[in-house]
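Trainee: Could you give me a close look at one part of this model, and set it against its surroundings? I am new to the structure, so please explain each term as it arises.

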Amino acid sequence: MFWRRGGTRVVGGGGPAGTVQAEPAPALALDGVSRAYRGGVTALDAVSLRVPAGRMVAVLGRSGSGKSTLLQCAAGLDRPTAGTVRIGGTSLTGLGEAALTRLRRDRVGFVFQSLNLVPSLSVLENAALPLLLAGGPGRTRRPAGTQQEEAGRARAALDAVGLADRADDRPDLLSGGQQQRVAVARALVTDPDVVFADEPTGALDPVTAAEVLALLRRAADAGRTVLMVTHDPVAAAWADEAVFLHGGCLAARMGTPDAGEVRRLLHELGRR
Ligand SMILES: Nc1ncnc2c1ncn2[C@@H]1O[C@H](COP(=O)(O)OP(=O)(O)OP(=O)(O)O)[C@@H](O)[C@H]1O
């Protein structure tokens, strides 16, 4: 069910002789992104980061280093005060609120630390929520075929996280880890380009956390881009790359992160 969007952009002259194969546009690109607040706090300071499709990147740093601000700006939930963010080649800078909402809904998935499933809806309805919201307010009478298709996609997403048999349950009957797996299914149901995860395992025990991380890893292996904020060096080791923030700046990058190395670098940054 997973597939890659985008591809190779062709630039240059018309015929084969003048055609130049460019690098594929990164699924997520931040260029000189800053976020300053009134009162003089610079939460993010000229951060540039390019993440190709199919890559999982962990964002680490001490408390207050700007991790959540980075994720919020990258996901179009907050507007940078300088710099540009592009998702799948689309710049978020010039987009109005409606277009930004559409882009978030169609091309981005979210997993947060707090599970925020809707308790009055079934597990299946929770997984289908982004599809139900896609029609906007007033979309109360959808054709039966559409409803069936949406339910089918939500079931497939639940199946992918191993919870198809819990589709009709209310979320509060599920364990914390199972609820987080529903949140992952919900994030993937629209087949997004980029999945943003903010401390997705922060409330989970190590075994359950590993189950959720394996799902995010699988999503990346299937071509999605995953940007995950975490405090946990073990969680970071599931990523292809770890990036470290310090005082709002990109302080270090580590390919194929190892939990011990990540811990050591975090310790070193903490002493600066
Ligand atoms: N709305 C705001 N107004 C003013 N300052 C803010 C605001 N939001 C965040 N900050 C400041 O920006 C800096 C970065 O905050 P941010 O939440 O991004 O850090 P973080 O690395 O995610 O921290 P944590 O690990 O504790 O969640 C902090 O100094 C914080 O106090």
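Mentor: I begin with a point of reference: G270 counts as exposed, because 12 other C-beta atoms lie within 10 Å. The scale behind that word calls a residue buried if 20 or more other C-beta atoms lie within 10 Å of its own, exposed if 12 or fewer, and partly exposed in between, with C-beta atoms placed from the backbone. G270 belongs to helix α8 (residues 259-271), and its C-alpha atom is separated by 28 Å from that of R217, 53 residues apart along the chain. The model is a predicted one, in which local features need pLDDT of at least 70 and side-chain atom pairs count only at pLDDT 80 or more, while totals for chains, interfaces and linings use all residues. Residue numbers start from 1 along each chain as its sequence is written.

Of the 272 residues of the chain, 39% count as buried. The chain contains eight helices and twelve strands; these are DSSP runs numbered from the N terminus, helices being H or I runs of at least four residues and strands E runs of at least two.

The part I propose to examine is helix α5 (residues 176-188). Its 13 residues reach 19 Å from the first C-alpha to the last, close to the 18 Å expected at 1.5 Å a residue, where the expected span is 1.5 Å times one less than the number of residues. Eleven of the 13 residues of α5 are buried, so the helix is largely enclosed by the rest of the structure. Among the buried residues are Q178, R181, V182, A185, R186 and L188.

Part of its surroundings is helix α3 (residues 123-133), which packs with α5 at an angle of about 35°, the axes being 6 Å apart. Axes here are lines fitted to C-alpha atoms, for helices over the stretch in contact, and angles run from 0 to 180 degrees between N-to-C directions. α3 passes α5 in a right-handed crossing, meaning that the near helix is turned clockwise from the far one by less than a right angle. On the α3 side V123, N126, A127, L129 and P130 take part, and they meet V182, A185 and R186 in α5; two residues are in contact if their C-beta atoms, placed from the backbone, lie within 7 Å. The residues of this contact divide into six nonpolar, one polar and one charged. In that scheme Ala, Val, Leu, Ile, Met, Phe, Trp, Tyr, Cys and Pro are nonpolar, Asp, Glu, Lys and Arg are charged, and the others, Gly among them, are polar.

Beyond α5, the loop leading to β9 (194-198) holds D191. This residue has a positive phi of about 60° although it is not a glycine, and it counts as partly exposed because it has 17 C-beta neighbours inside 10 Å. E199, in the loop between β9 and α6 (206-221), likewise has a positive phi, of about 50°, without being a glycine. Its 20 C-beta neighbours inside 10 Å are why E199 counts as buried.

Another helix, α1, is also mostly covered, with six of its eight residues buried. These are K67, T69, L70, L71, C73 and A74. After α1 comes G76, whose phi is positive, near 75°.
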